[in-house]
Amino acid sequence: MAPLRKNSSMFHSLMGFARAMPRKSVYEVIKLVYRVTAATGLYEAIKSAGTGEYTPYYPYGYATYSPWFQSPFQNIYRKIRSRSLVSEDRGYIINRLCLHSLRLEGDFAECGVYKGGSAFLIASTIKQYIDKGRSLHLFDTFTGMPDTAVKERDGHTKGDIGDTSLEEVNEYLKGFSFIEFHPGFIPDTFKEVTSKQFCFVHIDVDIYQSTLDCYRFFYDRVVPGGILLCDDYGFPTYKNAAKAAVDQFFSNKPEAPIVLPTGQCLVIKL
Ligand SMILES: C[S@@+](CC[C@H](N)C(=O)[O-])C[C@H]1O[C@@H](n2cnc3c(N)ncnc32)[C@H](O)[C@@H]1O
């Protein structure tokens with residue numbers, strides 16, 4: 001079959017058809033295609049063909065350099081794959097921003113730890129460079145979503161993502177002496193670090209109230225040039241949750257939140 005060229009009439013007809021369809025239907029068609037290809041094993045074949053050095057960049061029809069599918073990043077990602085909800089591309093962003101932040105003063109923090117996957121990624125990225133006296137602070141209930149989760153707004157209810165425990169995460173992360181655990185309800189547990197300043201904060205708590213509480217606490221404690229990275233911003237499920245909290249918080253701040261194609265939202269503190 002001849003390749004579908006960008007300027008061909010077939011390409012324009014297909015694009016016109018897609019544009020004319022209601023948004024919801026386009027989404028349904030994409031979901032259907034995904035389900036069929038996943039069920040037949042085709043999805044895995046397409047995915048592995050697309051995880052090379054350069055990978056297709058939707059919807060532009062060209063490929064871009066994708067170091068998150070390559071070593072050395074894959075050597076770290078392999079160790080967290082089964083314990084994290086963060087995909088390779090998002091993990092790579094975390095990895096690079098941690099390396100950036102090491103040059104600044106202050107501690108590292110993650111809000112929303114779950115099984116410890118992204119915490120392991122942060123810790124193994126900074127391990128060989130972090131000075132004595134600097135810490136990585138981890139905040140989570142370690143029993144799942146709190147009762148401030150509202151199903152209609154957040155897509156979660158109390159106890160969701162609760163198949164973890166402080167003991168097992170502690171065991172998984174025992175190789176990192178600079179980690180400090182703060183188990184319990186955010187923002188109550190923030191009182192344990194009120195006097196600290198931070199160079200990097202990863203916010204991955206999904207729901208509206210928790211996300212807002214994280215920004216309210218950390219914003220003033222992040223040093224200039226430091227990073228506030230929200231994992232959940234761009235996903236439709238969290239439109240009224242994490243995204244609403246970030247938009248509300250930064251509506252009267254000088255920083256311009258940068259929405260990344262990965263779904264994350266990056267703020268560089270001024
Ligand atoms: C998506 S998971 C984190 C995933 C993890 N960063 C990873 O992929 O490796 C979200 C976590 O946020 C936690 N969480 C949400 N709101 C919280 C709150 N108010 N206090 C403590 N933990 C909270 C939940 O318990 C859950 O473990």
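These are my notes on helix H9 and on the sheet in this model.

**Setup.** The model is predicted; I took local features at pLDDT of at least 70 and side-chain atom pairs at pLDDT 80 or more, while totals for chains, interfaces and linings use all residues. Residues are numbered from 1 along each chain as its sequence is written.

**H9, burial.** I looked up helix H9, residues 208–218 (helices are DSSP runs of H or I, at least four residues; strands are runs of E, at least two; both are numbered from the N terminus). Eight of its 11 residues are buried (20 or more other C-beta atoms within 10 Å of the residue's own, with C-beta atoms placed from the backbone). Among them are Tyr208, Asp213, Cys214 and Phe218.

**H9, neighbours.** I then checked what the buried residues pack against. The list is strand S3 (107–111), helix H7 (151–154), strand S6 (198–203), strand S7 (222–230) and helix H10 (242–250).

**H9 and H10.** The two helices pack at about 35°, with axes 7 Å apart (axes are lines fitted to C-alpha atoms over the stretch in contact; angles run from 0 to 180 degrees between N-to-C directions). Tyr208, Thr211, Leu212 and Tyr215 of H9 meet residues of H10 including Ala242 and Phe249 (contact: C-beta atoms, placed from the backbone, within 7 Å).

**Sheet.** I traced seven strands in an open, mixed sheet, ordered S5-S4-S3-S6-S7-S9-S8 (strands pair if DSSP finds at least two bridges between them). The edges are S5 (179–183) and S8 (258–259). S7 and S9 (residues 265–268) run antiparallel, joined by four bridges. Leucine 229 has leucine 266 in S9 as its bridge partner.

Definitions and conventions
A residue is buried if 20 or more other C-beta atoms lie within 10 Å of its own, exposed if 12 or fewer, and partly exposed in between; C-beta atoms are placed from the backbone. Two residues are in contact if their C-beta atoms, placed from the backbone, lie within 7 Å.
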